[in-house]
Amino acid sequence: MSMYELHDVTLNEVEGRGYAFKQSTAFGKARRGIFYPDNEEDLEKLQDRDAFTFTGPCYYGERGPRPRSFDVAVVKITATRMGDRVDFEALDNPDPVRRTDVALAEA
């Protein structure tokens, strides 16, 4: 996966930096992304809900970012040197692609 430029984005009312990208899979196109919240206190807001609305740029291959807004689910939160990274995926991804379904099946 290519490294894309971080932009100002929001997950509902939580502001931060990140992006979304479209990825080809065996089951169709899937949208995923990363998000770094501006305030560490906002992580609690991200853990309390199942779905959020992502608003920001979505990269489509070599065509560059396009402004988009779509519903997403948080897949995982990872501590990094840049701060806590939130990985998310679109709720309208094809069913076999959704990582949250796989994580729930394994639990």
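Asp87 is a buried residue of this predicted model, with a relative accessible area of 10%. Its place in the chain is strand S6, which covers residues 83-90. Once neighbours within four places in sequence are set aside, the contacts of Asp87 are Gly33, Ile34, Ala73, Val74, Val75 and Lys76. Asp87 counts as buried because its 10% falls under the 20% limit for that class.

The side chain of Asp87 also meets that of Arg85 in a salt bridge, with a distance of 2.8 Å from N to O. Arg85 is likewise found in strand S6. Whereas Asp87 is buried, Arg85 is partly exposed, at 22% relative accessibility. Not counting residues up to four places away in sequence, Arg85 touches Ile34, Phe35, Tyr36, Lys76, Ile77, Thr78 and Thr80. Ile34 and Lys76 thus appear among the contacts of Asp87 and also among those of Arg85. Arg85 can further be related to a distant part of the sequence: Gly18 is 67 residues away along the chain, yet the two C-alpha atoms are 9.1 Å apart in space.

**Salt bridges**

The bridge between Asp87 and Arg85 belongs to a wider set, for a search of the whole structure finds five salt bridges. The table lists three bridges, including the one already described.

| Positive residue | Negative residue | Closest N to O distance |
|---|---|---|
| Arg85 | Asp87 | 2.8 Å |
| Arg17 | Asp8 | 2.9 Å |
| Lys45 | Asp42 | 3.6 Å |

The partners in these bridges have their own degrees of exposure. In the bridge between Arg17 and Asp8, Arg17 is partly exposed, with a relative accessible area of 33%, while Asp8 is exposed at 62%. In the bridge between Lys45 and Asp42, Lys45 is partly exposed at 39%, but Asp42 is buried at 11%.

**Charged patches on the surface**

Charged residues also gather in patches on the surface. A patch of positive charge is formed by Lys22, Lys29, Arg63, Arg66 and Arg68. Of this group, Arg68 is placed in strand S5, residues 65-80. Arg68 is partly exposed, with a relative accessible area of 34%. Membership of a patch requires over 30% relative accessible area, so the value for Arg68 meets that condition.

A patch of negative charge brings together Glu40, Glu41, Glu44 and Asp48. Glu44 lies in helix H1, which spans residues 43-47. With a relative accessibility of 56%, Glu44 counts as exposed. This value is over 50%, which means that Glu44 belongs to the exposed class.

**Two loop residues**

Two residues outside the helices and strands may be considered next. Asn12 is situated in the loop between strand S1 (7-11) and strand S2 (14-25). Although Asn12 is not a glycine, its phi is positive, at about 55°. Its relative accessibility is 24%, and Asn12 therefore counts as partly exposed.

Gly64 occupies the loop between strand S4 (52-59) and S5. Is Gly64 buried or exposed? With 15% relative accessibility, Gly64 counts as buried. Neighbours within four places in sequence aside, Gly64 is in contact with Cys58 and Tyr59. Phe21 lies 43 residues from Gly64 along the chain, and the C-alpha atoms of the two are separated by 9.8 Å.

**The chain as a whole**

The elements named above belong to a chain with two helices and six strands. In sequence order, these elements follow the pattern β-β-β-α-β-β-β-α. The chain has 107 residues, of which 39% are buried; Asp87, Asp42 and Gly64 are among the buried residues.

Among contacts in the chain with a separation of 6 or more, 47% are between residues 24 or more positions apart. The accessible surface of the chain comes to about 6,500 Å², and carbon and sulfur atoms account for 47% of that area.

Technical notes: Residues are numbered from 1 along each chain as its sequence is written. This is a predicted model: local features need pLDDT of at least 70, side-chain atom pairs count only at pLDDT 80 or more; totals for chains, interfaces and linings use all residues. Side-chain values use heavy atoms; hydrogens and water are left out. Patches are made of residues with over 30% relative accessible area and no salt bridge: like charges are joined within 9 Å, nonpolar side chains (Val, Leu, Ile, Met, Phe, Trp, Tyr) within 5 Å. Accessible areas come from the Shrake-Rupley method with a 1.4 Å probe; for residues, only the protein chains shown count as cover. A salt bridge is a side-chain nitrogen of Lys or Arg within 4 Å of a carboxyl oxygen of Asp or Glu. Lys and Arg count as positive and Asp and Glu as negative; His and the chain ends are not counted. The place of a charge is taken as NZ of Lys, CZ of Arg, CG of Asp or CD of Glu. Helices (H or I, at least four residues) and strands (E, at least two) are DSSP runs, numbered from the N terminus. Buried means under 20% relative accessible area, exposed over 50%, partly exposed in between (1.4 Å probe, protein chains only). Contact means heavy atoms within 4.5 Å.
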